[in-house]
Structures are given as C-alpha cells and as structure tokens.
Amino acid sequence: MEAIQLDDVDLVHRFGSGPDREAEAELFRRMAPRIRLYGLRHLRNEHAAEDLVQQVLIVTLEALRSGRLREPGKLASFVLGTCRLTVLDLRRGAQRTQRLLGQFGKDLLPQAPCYTPQLDHEKLTHCLQNLKERERTVIVMSFYDEQTGADLAGLLGVSEANVRVIRHRALHRLRECMGVAA
Amino acid sequence: MSCSTPIDAATLADYWLAVLPQSEEEMVDLHLLECDRCGNRLREVIALAQAVRRLASEGSLRMIVSDAFLHRAAADGLRVRQYAPAPGGAVHCTVTAEDDILIGRLAADLTGAKRVDLCICDEHGIQQLRLPDIPIHSGTSSVIYQESITFAKAAPDTIMILRLVTFDETGAERLLGEYTFNHARSLPGPGQLYEPHPE
C-alpha cells in the first residue's frame, strides 16, 4: 500500500468520515517508527519499545475512530501523552498489555519499516582513534556506560558544562569523519 | 520530508543520554513525534552510540578509561586483565584468548599536573606513539590505560615501555613515571616468534 500524501490534520479528518483502512494504515506507517523511537529512548529496550508501539497505536486508533481527538492539529500531542502514560504502565509491569492485545490484536499490523543507518566499523575505529584523548574518553564513557556529566567531570577534572562541550565537539568530529552531515 | 526547526545531532545525543533539562526533553519528545527527518538523525546518533559501545566492549581502543568503566565491563561479563607496575618498575604480562580488556594501571603523583602525556615506547625507550593531554584528575593517584587487546593478542614476545610525562612552567618535559611491560605471547598464531627445533 502506498503512503498517502496528507499532513496530520488531514489524516485525522479522514477518520471522521467512517471506517478508512487506508488512513489507518497510513497512521501506522507514519507513527509507528516515531513511537518506537520514543520507546527506545524512554524504555531502553527494543521489545518494550515494540509493545509501546502496539499499545499506543491501539489507543490512538480507538480515539480517532470514536472521534475523541477533538483538535486534529494535536495528533502528536495526543500520541505523546499516550506514550507517557503507557511507559509508566510498562514500567509498572501492568497486565494491561495482554488484555489490550487480546481485545484489539486483530487490528495489529506488522512492524513498520524505518530508516536503519549502517556504519562502517573499521572506519569508526579509525575515526575514534583520531579523536583527541579527552574527546575519545568522553564519547566512549558516555555511550558505553552512559556515565553522567558529573562522573566524567570527576574523571577529567573539568566542569559538567565542559564535559558537554567536549562531547558535542567529539560527536561533530566523529560524524564528520564518518561522512555524516553534522 | 522537511523540518523548519531541525534539532542538531549534539542535542539529540544529549537527549539519548537523558542529560537534557526536562523542559527541553519534552520539546524534543514532541518534535520527534512530528518530524521524521530529526527522527532519522536520532537513529544515526543511536547507531553511532551502539557501535561505539560495541567497539568499547571489544577492548580494541587504545585509551584512558575510568574505574567506573572497568566495573561496568566486569558487570557485563567481560574479562579484564590488569597489570599495575610501580613507577620505575617492570612487570611480566600476557593476554589469553579469554581476555576481553587489557589494562595497565600506572601509579603516579599527578598533584599539580595540568597536562599529562602518555608515551608508548619500544624496548629501547624510543617513542612509538604519544597520547597527548590525556584525561587526568589531579586528585587521583593513577592513570588507567587500556591497551588494544586485538594488538596485544597478535603481538609477539616484546617489551613495551610506558612513560607519563608532564610539563613545567617553561614547557620542559618532566617524567612522572616509567613502566615496563614484558609481554610474553601465550596465544598461537602468526605473530608468534619462530623458534627452530634442534635436529
């Protein structure tokens, strides 16, 4: 099925005129990768992020079908609010997942395709080795251990603000070396 | 796919690392639910973060690390082999196939040192590589150097001398400590020195 060229407002309006499988598919295609990204950031787990996608889309579809989304321009805000509540539920290990999946499982669509960046690992090694010592340490410590600015500030004997500056500069140099636009 | 207010990669990295102020994080959350262009940029940052993480866990980067890093590596099930020669001292060392990370813990008095370089020298003391201005904190008493385990596993029996140097007010170099590592290869492979058997 081809993507519909509509903005969010027009897409929401299409739900107001009765069942529209094409609009539902477009909503899934558009929002699933975005919700998944939110899930990765806030849940730090791919499976949990997939659960989030399913649950948030079910709630959103339900709201659109029943006309509960009164302001069509607020689709992203509605989805964000639903994401937040669902993340809280998922963190609490709520049993709602199974109930919702049982109730609406037939409406679920396969995982939406999304952009997957490919990296040349040899090149990345080379680019990392070409960073200044402090930059390399900050980048690796940040991304390996997700150490806080305070941890790194202690290690480097600089302020947290300085750590942030070093990380930004290092990231810029890395992306430049890897041939990615800053 | 256009975006009138693109979020740069550095901010997205801060977002991924959860170090943005809450109000800014909420703005990024909302923006990413409306904008695929910035979403794709975040995916690039995440891919980079994951690749750096993988490289770090392979132990193949020459770099200065922290105790927190080593604790995390051990907690992740990585095997950390560590040697800690005293300043001016030497240590016999090796690396096995099971090792994941190789560490030299270099004790030194870093009090007052503003800039410290780590010099990697051959057995004659001739510098082969210099890591300038390594991250140090003047309150600590050692530098934790990670040698590339890929390099160490492939290296033959060899002697490596590490030197920590600092600089005085005139810019002249001052030795903080010298550490000798007598590496004995314990893995079979092309890097092993050839030893002819007697007839």
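A helix, in these legends, is a DSSP run of H or I that covers at least four residues, and helices are numbered from the N terminus. Everything shown here comes from a predicted model.

**Helix α7 of chain A sits in an enclosed place.** Let's start with helix α7(A), which covers residues 133-145 of chain A. Its 13 residues should span 18 Å at 1.5 Å a residue, and the C-alpha atoms at its ends are 17 Å apart, so the two values agree. Twelve of those 13 residues are buried, and therefore the helix is largely enclosed by the rest of the structure. Among the buried ones you can find A:Arg134, A:Val138, A:Phe143 and A:Tyr144. Just past the helix comes A:Glu146, whose phi is positive, at about 50°.

**The surroundings of α7(A) come from both chains.** What do the buried residues of α7(A) pack against? From chain A, the partners are α6 (121-129), α8 (149-156) and α9 (160-177). Chain B contributes α3 (36-58), β1 (63-65) and α4 (67-75).

**Chain B meets chain A through many residues: 44 of chain B are in contact with 46 of chain A.** On the chain B side, α1 (9-16), α2 (22-32), α3, β1 and α4 each supply at least two residues. Which element gives the largest share of this side? That is α3(B), with 14 residues. Sorted by kind, the chain B residues that touch chain A are 29 nonpolar, six polar and nine charged.

**Four strands of chain B make an open sheet.** Following the sheet across, you meet the strands in the order β1-β7-β4-β2, with mixed pairing. At the edges are β1 and β2 (80-83), each of which pairs on one side only. Neighbouring strands are turned by 35° against each other on average, ignoring direction. Helix α4(B) packs on this sheet and touches β1, β2, β4 and β7 (142-147) of chain B, with its direction at about 140° to that of β2(B). As a reminder, strands of a sheet pair through backbone hydrogen bonds, and the pairing can be parallel or antiparallel.

**Strand β4 of chain B pairs with both β2(B) and β7(B).** Strand β4(B) covers residues 101-107 and runs parallel to β2(B), to which four bridges join it. One place to look is B:Val80, whose bridge partner in β4(B) is B:Ile101. How do β4(B) and β7(B) run, parallel or antiparallel? These two are antiparallel and are joined by six bridges. Here B:Ala107 has B:Ser142 of β7(B) as its bridge partner. Five of the seven residues of β4(B) are buried, so this strand is largely enclosed by the rest of the structure.

**B:His183 lies in strand β9 of chain B.** This strand covers residues 173-183. Is B:His183 buried or exposed? It counts as buried because it has 20 C-beta neighbours inside 10 Å. Leaving out residues up to four places away in sequence, B:His183 touches B:Cys93, B:Thr94, B:Ala152, B:Ala155, B:Asp157, B:Thr158 and B:Met160. Take B:Asp157: it is 26 residues from B:His183 in sequence, while their C-alpha atoms are 5.4 Å apart in space.

**Confidence varies between the elements of chain A.** Chain A averages a pLDDT of 85, and 85% of the residues score at least 70. Which element of chain A has the lowest mean pLDDT? That is helix α5 (residues 96-104), with a mean of 60, while α9(A) has the highest, 94.

Note on methods:
Residues numbered from 1 in each chain as written. Chains lettered and ligands numbered in written order. Predicted model: local features only at pLDDT ≥ 70, side-chain atom pairs only at ≥ 80, totals over all residues. Contact = placed C-beta atoms within 7 Å. Expected span 1.5 Å × (residues − 1). Pairing = 2+ DSSP bridges. Axes fitted to C-alpha atoms, helices over the stretch in contact; angles between N-to-C directions. Nonpolar A, V, L, I, M, F, W, Y, C, P; charged D, E, K, R; others polar. pLDDT = per-residue confidence, 0-100.
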